[in-house]
Amino acid sequence: MEHNFYLSLLLLFVSSISLSLFFLFYKHRSPFTTRPNLPPGTIGYPMIGETLEFLSTGWKGHPEKFILDRMIKYSSELFKTSLLGEPTIVFCGASCNKFLFTNENKLVQSWWPDNVNKVFPTSLQTSSKEESKKMRKLLPQFLKPEALQRYVSVMDTIAQRHFAYFWENKTEVTVYPLAKRYTFLLACRLFMSIDDESHVAKFAEPFHLLAGGIISFPIDFPGTPFNKAIKAANFIRKELLGIIRQRKVDLAEGKASPTQDILSHMLLTCNEDGQYMNELDIADKILGLLIGGHDTASAACTFIVKYLAELPHIYDMVYQEQMEIANSKSAGELLNWNDINKMKYSWNVACEVMRLAPPLQGGFREVMNDFIFNGYSIPKGWKLYWSACYTHKNQEYFPEPEKFDPTRFEGNGPTPYTFVPFGGGPRMCPGKEYARLEILVFMHNLVKRFKWEKLIPDEKIVVNPLPTPAKNLPIRLLPHKA
Ligand code: HEM
């Protein structure tokens with residue numbers, strides 16, 4: 001329904017401005033037509049390029065189809081197109097991923113769609129590129145192994161509370177909103193020391209709107225996903241500012257500790273020029289972390305529940321592994337780092353889930369200087385797109401790609417650059433280990449308590465931009481007999 005409305009709006013938008021865009025169109029086309037030796041492909045319609053096809057294959061649940069169709073038509077390694085208003089070359093497969101990930105800051109650099117700059121206009125008037133560099137500098141302190149080890153017991157405490165409150169004594173639940181609640185509460189607790197459910201619940205809807213608008217057409221008109229995302233970001237930023245100001249007071253009065261979480265760390269860390277980050281800047285950083293860090297992991301948790309419902313023999317193996325760990329603990333003892341390291345089969349299952357349903361479908365880079373790749377010219381300023389969803393479904397790397405088979409991750413696992421849910425190279429997701437912990441703690445607490453079955457056996461999958469079951473995965477819970 002929302003898509004139909006949105007499509008009509010888009011058509012109206014395109015037709016009403018097409019005349020005035022005539023000259024712009026030629027300007028837009030010129031880099032495509034005048035440069036020799038570009039990769040094969042088509043730029044699609046003026047301004048919107050092939051964005052609609054790119055997004056709509058996701059809405060239909062098969063984001064990799066956009067790439068597969070064009071690989072058959074043009075080239076099996078790279079093709080040109082135009083996405084989100086930018087001339088783009090799509091890099092297909094492991095050797096292209098390797099090239100892209102190993103040439104970070106040499107030939108290519110990070111690039112986020114313009115939407116990201118508009119939804120997160122930074123208080124410092126710098127680009128998302130600069131901001132993400134700063135973010136990467138701040139994170140190691142917070143995501144280093146010693147810190148992560150400490151989080152396991154906190155995650156287990158929050159998971160136990162979450163399951164007791166939202167799952168136990170229920171016969172049916174809807175998984176996706178609950179998974180989001182779990183990962184979001186964890187993020188609020190570990191990033192900002194907030195664990196009051198009612199405080200956290202206020203953010204749920206705005207975050208949903210924000211995620212939906214980041215990869216969408218940048219049409220800022222009442223009712224569009226982009227417009228809703230901007231409003232949601234403003235709402236959340238205001239709430240975060242309140243939290244930041246309170247923390248400043250608490251730190252000054254000795255009621256909060258300088259090392260208790262990433263918020264204190266940001267407030268008390270200077271940059272190279274000896275300056276502290278301002279409040280708005282901190283709010284934007286926390287907002288970015290909350291977005292990057294909770295929706296992705298909740299999509300992974302949701303798909304784990306889906307696949308374990310569909311594959312009872314896999315469920316049984318996960319159950320066996322988790323119960324061995326549960327039975328080795330004394331009453332009330334929380335999970336620890338050693339327990340997490342024993343969850344090898346469960347993590348292989350989670351990886352196979354992220355192979356089939358990667359939370360992020362891929363990512364963009366910007367070309368820093370002209371270069372030649374596989375005999376084709378790659379011009380400065382163009383955008384490159386790498387695709388996890390396409391790479392993961394390639395039968396050359398994953399025989400019978402649609403088959404769920406966690407043994408693919410045994411031993412040395414998949415060949416490098418073929419399994420890329422977290423990206424690769426210097427820009428690989430800095431939250432990868434944190435995500436592994438929260439996902440495994442979720443699996444432990446879930447299978448220990450329940451078996452379950454899907455209430456909609458053939459529920460469709462929608463990718464917009466994260467994968468989600470169309471009805472949010474309602475299930476019937478079957479608690480284990482005491
Ligand atoms: C299953 C969960 C997750 C998945 C699948 C995932 C995936 C990714 C991917 C694909 C990228 C882009 C890499 C690239 O462009 O090459 C990324 C970036 C990022 N992720 Fe994650 N992520 C997850 C969880 C997290 C968590 C829990 C955090 C925070 C604690 C986090 C923080 C970030 C940040 C800050 C970036 C941007 C890094 C930069 O700009 O250099 N992610 N993630």
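Colleague: What makes H14 roughly perpendicular to H17?

Modeller: In this predicted model, H14 and helix H17, residues 344-356, pack at an angle of about 105°, with their axes 9 Å apart. Angles of 65 to 115 degrees count as roughly perpendicular, and H14 is therefore roughly perpendicular to H17. The contact is made by Ala300, Phe303, Ile304 and Tyr307 of H14 together with Val349, Ala350, Val353 and Met354 of H17. By class, the contact of H14 with H17 has eight nonpolar, no polar and no charged residues.

Colleague: How do you know that the span of H14 is close to the one expected for a helix of 32 residues?

Modeller: Helix H14 covers residues 279-310 and reaches 47 Å from its first C-alpha to its last, whereas 46 Å is expected at 1.5 Å a residue. The two values are close. H14 is also mostly covered, with 23 of its 32 residues buried.

Colleague: Why is serine 298 called buried?

Modeller: Serine 298, which is found in helix H14, has 28 C-beta neighbours inside 10 Å. A residue is buried if 20 or more other C-beta atoms lie within that distance, so serine 298 counts as buried. Leaving aside neighbours within four places in sequence, serine 298 is in contact with Ala179, Lys180 and Thr183. Glutamate 86, by C-alpha to C-alpha distance, is 30 Å from serine 298 in space and 212 residues from it in sequence.

Colleague: Why is lysine 134 called partly exposed?

Modeller: Lysine 134 has its place in helix H7, residues 128-143, and it has 16 C-beta neighbours inside 10 Å. Burial would require 20 or more, and exposure 12 or fewer, so lysine 134 counts as partly exposed. Between lysine 134 and tyrosine 176 there are 32 Å in space, C-alpha to C-alpha, and the two are 42 residues apart in sequence.

Colleague: What makes H15 and H19 roughly perpendicular to each other?

Modeller: Helix H15, residues 312-327, and helix H19, residues 432-449, pack at an angle of about 95°, and their axes are 9 Å apart. The range for roughly perpendicular is 65 to 115 degrees, and H15 and H19 are therefore roughly perpendicular to each other. On the H15 side, Val318, Tyr319, Gln322, Met323, Ile325 and Ala326 meet Met443, His444, Val447 and Lys448 in H19. The residues of the contact of H15 with H19 divide into seven nonpolar, two polar and one charged.

Colleague: Cysteine 429 lies in the loop between helix H18 and H19; why does it count as partly exposed?

Modeller: Cysteine 429 has 18 C-beta neighbours inside 10 Å. Since a residue needs 20 or more to be buried and 12 or fewer to be exposed, cysteine 429 counts as partly exposed. Not counting residues up to four places away in sequence, cysteine 429 touches Phe422 and Gly423. An unreviewed UniProt entry carries the annotation "binding site" for Cys429, and such annotations may be inferred rather than shown by experiment.

Colleague: Why is tyrosine 417 called buried, and what is its phi?

Modeller: Tyrosine 417, found in the loop between H18 and H19, is buried because 21 other C-beta atoms lie within 10 Å, where the cut-off is 20 or more. Phi of tyrosine 417 is near 70°, a positive value in a residue other than glycine.

Colleague: Phi of asparagine 472 is near 70° as well; why is asparagine 472 called partly exposed?

Modeller: Asparagine 472 has 16 other C-beta atoms within 10 Å. Exposure needs 12 or fewer and burial 20 or more, so asparagine 472 is partly exposed. Asparagine 472 is found in the loop between S11 and strand S12, residues 474-479.

Colleague: How do you know that the span of H12 agrees with the one expected?

Modeller: At 1.5 Å a residue, the 28 residues of helix H12, residues 225-252, should span 40 Å, and the end C-alpha atoms of H12 are 40 Å apart, so the two agree. The buried residues of H12 include Phe226, Ile236, Leu240 and Arg247. Just after H12, glycine 254 takes a positive phi of about 75°.

How values were computed
Residues numbered from 1 in each chain as written. Predicted model: local features only at pLDDT ≥ 70, side-chain atom pairs only at ≥ 80, totals over all residues. Helix = DSSP H or I, 4+ residues; strand = E, 2+ residues; numbered from the N terminus. Expected span 1.5 Å × (residues − 1). Contact = placed C-beta atoms within 7 Å. Axes fitted to C-alpha atoms, helices over the stretch in contact; angles between N-to-C directions. Parallel < 35°, antiparallel > 145°, perpendicular 65-115°, else oblique. Nonpolar A, V, L, I, M, F, W, Y, C, P; charged D, E, K, R; others polar.
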